[in-house]
Structure formats: structure tokens, C-alpha cells
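Colleague: Got a minute to walk me through this one? I'd like to take it step by step.

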Amino acid sequence: AVEAGRGLASMLGMEPLVIEAAQKPRYHAAAVIVSNYTVTLVAVAAKLAREAGVPAEAASRIFLPLLAGTVKNLELLGPASALTGPIRRGDVGTIDAHLGALTADDRRLYAVLGLRAVALAKEAGLDETRAEELVRRLGPAAD
């Protein structure tokens with residue numbers, strides 16, 4: 001069955017992988033994060049755009065080119081090198097402005113994801129001092 005699956009995956013241009021049965025829930029959770037949670041994040045971004053005054057009919061589609069570029073960068077560069085934005089730059093002022101503009105629920109989501117982004121930014125070369133300052137700002141908002 002494994003060999004047949006590998007052959008089918010190769011024929012379809014996919015990368016065949018074998019995962020232990022006990023690890024399949026973890027693998028499926030990863031797939032849910034990439035697919036379902038990306039959709040959820042786009043919905044949150046559209047809500048924030050509407051709250052900022054973007055017309056509802058535009059809010060759900062204005063970020064699609066940005067998302068497409070991000071996917072392309074992920075494909076070409078990998079996560080750490082594809083990361084851009086204020087966390088990658090260590091821009092504490094922008095992070096403070098974002099945190100101040102968000103509701104408690106949105107601020108928590110932003111901060112939890114931001115803490116993960118800080119780890120990626122460090123992989124990509126963000127200096128430790130800026131990383132620590134970002135964690136000091138984001139940590140309390142993530143709780």
C-alpha cells in the first residue's frame with residue numbers, strides 16, 4: 001500500500017511522505033493551520049479593513065495579491081526568509097500602534113502570531129535586543 005501510494009503521489013507531481021500512524025493527527029493539524037486558518041486570517045484581515053473604512057465588497061479581496069506574493073515567497077525562500085513587515089524589521093513603534101488599534105480579541109491573535117513571527121525573524125537575522133523588545137510588547141497582549 002505504501003509503494004502504491006508513493007507511485008500515485010509521484011505520478012500526480014506530489015512529494016510522497018510516510019508518516020507514523022501516531023503522528024497523523026499532528027500532520028493533519030498542520031494542514032488545518034495552513035489551509036483553514038489562512039482562510040480565517042484573511043477573514044480577520046477583511047474585518048479589520050472594514051473597520052478601517054474599506055468598503056465591504058473590497059475588504060475580502062484586497063489582500064489576495066499580498067497573499068499570492070507571500071505564497072510565492074514561501075515557495076522560493078522558505079518561512080524565515082519570506083517573513084517581511086514590522087516584526088522582521090524590529091519596528092517596535094509600528095507594533096505598538098497596531099496593538100493599540102485592535103480590540104482585545106484581535107490584539108491577542110495578533111500578539112500570539114507575532115510571538116511566533118519573532119522567532120522566525122530571529123532565524124532570519126533580527127538582533128536579540130530588538131527581538132526581546134518585541135517579546136516584551138507582544139507577550140502581555142498574548143495572555
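Modeller: Sure, and keep in mind that this is a predicted model. Let's start with helix α4, which covers residues 64–77. At 1.5 Å a residue, its 14 residues should span 20 Å, and the end C-alpha atoms are 19 Å apart, which agrees.

Colleague: Which residue takes a positive phi just after α4?

Modeller: Step just past the end of α4 and look at the backbone there. The phi angle is about 85°, and the residue that takes it is G78.

Colleague: How many helices and strands does the chain have?

Modeller: Read along the sequence and you get α-α-α-α-α-α-α-α-α. That makes the count 9 helices and 0 strands.

Colleague: Is the chain more spread out than a compact globule, or less?

Modeller: For 143 residues, the globule rule gives 15 Å. The radius of gyration here is 18 Å, well over that, so the chain is more spread out.

Colleague: What does the C-alpha trace span along its principal axes, and what share of residues is buried?

Modeller: Along those axes the trace spans about 55 × 40 × 30 Å. Buried here means under 20% relative accessible area. Out of the 143 residues, the buried share is 22%.

Colleague: What share of the exposed area do carbon and sulfur atoms supply?

Modeller: The chain exposes about 9800 Å². Of that, carbon and sulfur supply 61%.

Colleague: How far apart are the mean positions of the positive and negative charges?

Modeller: There are 16 positive and 16 negative charges in the chain. Take the mean position of each set, and the separation is 2 Å.

Terms used
Residues numbered from 1 in each chain as written. Predicted model: local features only at pLDDT ≥ 70, side-chain atom pairs only at ≥ 80, totals over all residues. Heavy atoms only, no water. Helix = DSSP H or I, 4+ residues; strand = E, 2+ residues; numbered from the N terminus. Rg over C-alpha atoms; globule rule 2.2 N^0.38 Å. Buried < 20%, exposed > 50% of the residue type's maximum accessible area, 1.4 Å probe, protein only. Areas by Shrake-Rupley, 256 points an atom, 1.4 Å probe, with all protein chains shown as cover. Lys, Arg positive; Asp, Glu negative; His and termini not counted. Charge placed at Lys NZ, Arg CZ, Asp CG, Glu CD. Expected span 1.5 Å × (residues − 1).
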